[in-house]
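Colleague: Before we look at anything in particular, could you show me how to read strands, charged pairs and contacts in a model of this kind?

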Amino acid sequence: TCRVEIPEVSLGHEANEFLMSYLPDPVQGQMRVVSGVVSITLEGSSLENDGKGQWQATLSARDVEVSFPWLPWPLKGLSARATVADGRLKSLKAKGRAGSGTVEAMARDVGAAPGTVWTDLGKIEGTWSVDARDITVTPGLLGRCPWPCPPIEALFKPSGLVQISYRHEYATGGAPGATRDVIEVRPRGASGAFQYFPCPLSEAHGLVRAELRGPTPPRIDIDMRGKGAGAPVEVKGVLMICPGPWGLDVNVTAQGVPIGREILGPIPAPYDSIASQFHPEGGQAQVSARVTRRAGESVCSSWYTVGVAGAFAKHDAFPLPLKNVKGTIEIRPDGWECRDFTGEHGDGIVRAACRDFPEPGGATGFRLVLRGENLPVTDDLRAALVAPGVGDRAVLSDAMKGLGVSGRLGFDADVIRRTG
């Protein structure tokens, strides 16, 4: 039996090269030990090459600094204690600082499965975890981090304060000894923008949970709440991870969003130009959106429902200024419609419904049905009768002028606009 103590060994370039030679290939080059102090105690009855069952090493480290090429800040002030025996990492506890936050790590009974080597990460046994608190994610940071972070960066563009936990643990419901990797991200007032509904999200809280390399297909579940344009926004859904484009099924709901560019901007082409034909201003909208995509495919299917209330509007096809406009706009993968619209002009009422229809060659036109009730005859009404691009209604304007129509009137109109 012997005991060897090696106190106060300074860490630097040579220690880093020695450590890297023992780490799995995918890990080498992903970190660098910059400085620190470590003490080592070896105890055992044999120091043969295999050493199994014959020795135990205890390492205590302090003031360690480790850098990562994909992070903007190093891990500093790291203190750790680890025990190695029987060719396995029996235990590890470590704590340090990362930027403005803290990082803690734990491991238990980590080692290569029988007949395998350390370099095969998928065959490493044991459990470990990393918890990072008050970490500041800067724009573009996830794009530089290891997989699966870059696709998440592209989809959500997150930034701000978060808590992150990573666990390699034994999975329930799988084969004996099966493990899984679980990553949980909890934003704390962070911001971002979903690629397929890029209304900026701020003051975000909730949970993003990724389950990787387990007995079930890898996926990311999203349950987030925040604010968009100052209004409450909720984002829920699932991302199905695969080698090609990820599958997704994400729902976004927003309540009381001020109507403006931020609410119209997310509507995809060509429907964005359709919505802009109403020239909405003021008021609020209730928004419900769903975006789906099959795993491995590149095309998304989108559904948008926008409930409008208290807005001002003036449609290109009948540009009569209306106030207190309310109604619903629905956009589907196969078309769109506007229904149950009402608006006030003076103390009169205009009711409207509109939808698209297919045309030969794959083009679409639209049909707008209007009814006016008790409308005052004003210059705005006369101008609306002869809107740009609808010169065939000039005869109606001329008739009103010739008859000297004044006072109030009602009308029914059926406006059809075809491509070309």
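Modeller: What follows takes up strand pairing, then salt bridges, then the surroundings of a few residues. This is a predicted model, in which local features need pLDDT of at least 70 and side-chain atom pairs count only at pLDDT 80 or more, while totals for chains, interfaces and linings use all residues. Residues are numbered from 1 along each chain as its sequence is written, and side-chain values use heavy atoms, with hydrogens and water left out.

Colleague: Which strand does β6 pair with, and in what sense do the two run?

Modeller: Strands are DSSP runs (E, at least two residues), numbered from the N terminus, and two of them pair if DSSP finds at least two bridges between them. Here β6 (residues 101–112) and β7 (residues 124–137) run antiparallel and are joined by nine bridges, one bridge pair being Ala 112 with Ile 124 of β7. β7 also pairs with β8 (residues 160–170), again in the antiparallel sense, over eight bridges, and in this pairing Asp 131 stands opposite Ser 165 of β8.

Colleague: How many salt bridges are there by the rule you use?

Modeller: Side chains of opposite charge can pair when their charged atoms come close. The rule asks for a side-chain nitrogen of Lys or Arg within 4 Å of a carboxyl oxygen of Asp or Glu, and by it the count comes to 33 salt bridges. One of them joins the side chains of Arg 3 and Glu 43, at 2.7 Å from N to O. Because Arg 3 lies in strand β1 (residues 2–11) and Glu 43 in strand β2 (residues 32–44), this pair ties together parts that are 40 residues apart in sequence.

Colleague: Where in the chain do the partners Asp 109 and Lys 90 lie?

Modeller: Asp 109 and Lys 90 form a salt bridge whose closest N and O atoms are 3.6 Å apart. The pair links distant parts of the chain, with Asp 109 in strand β6 and Lys 90 in strand β5 (residues 88–98), 19 residues apart. For accessibility, buried means under 20% relative accessible area, exposed over 50%, and partly exposed in between, with a 1.4 Å probe and protein chains only. Asp 109, at 30%, is therefore partly exposed, and Lys 90, also at 30%, counts as partly exposed.

Colleague: Is Glu 211 buried or exposed?

Modeller: Glu 211 counts as buried, because its relative accessibility is 12%. The side chain of Glu 211 meets that of Arg 209 in a salt bridge of 3.2 Å, N to O. Salt bridges that share partners join Arg 167, Glu 169, Arg 180, Glu 184, Arg 186, Arg 209 and Glu 211 into one network.

Colleague: Which residues is Pro 245 in contact with, leaving aside its neighbours within four places in sequence?

Modeller: Contact means heavy atoms within 4.5 Å. Pro 245 lies in the loop between β12 (231–240) and β13 (247–258) and, with those neighbours left aside, is in contact with Arg 293, Ala 295, Gly 296, Glu 297 and Ser 298. Arg 293, in turn, lies in strand β14 (residues 284–293) and is buried, with a relative accessible area of 12%. A polar atom of the Arg 293 side chain lies 2.8 Å from the backbone oxygen of Trp 246.

Conventions:
Helices (H or I, at least four residues) and strands (E, at least two) are DSSP runs, numbered from the N terminus. A polar contact is a pair of N or O atoms within 3.5 Å; within protein, one must be able to donate a hydrogen and the other to accept it, and residues adjacent in sequence count only if both atoms are side-chain atoms.
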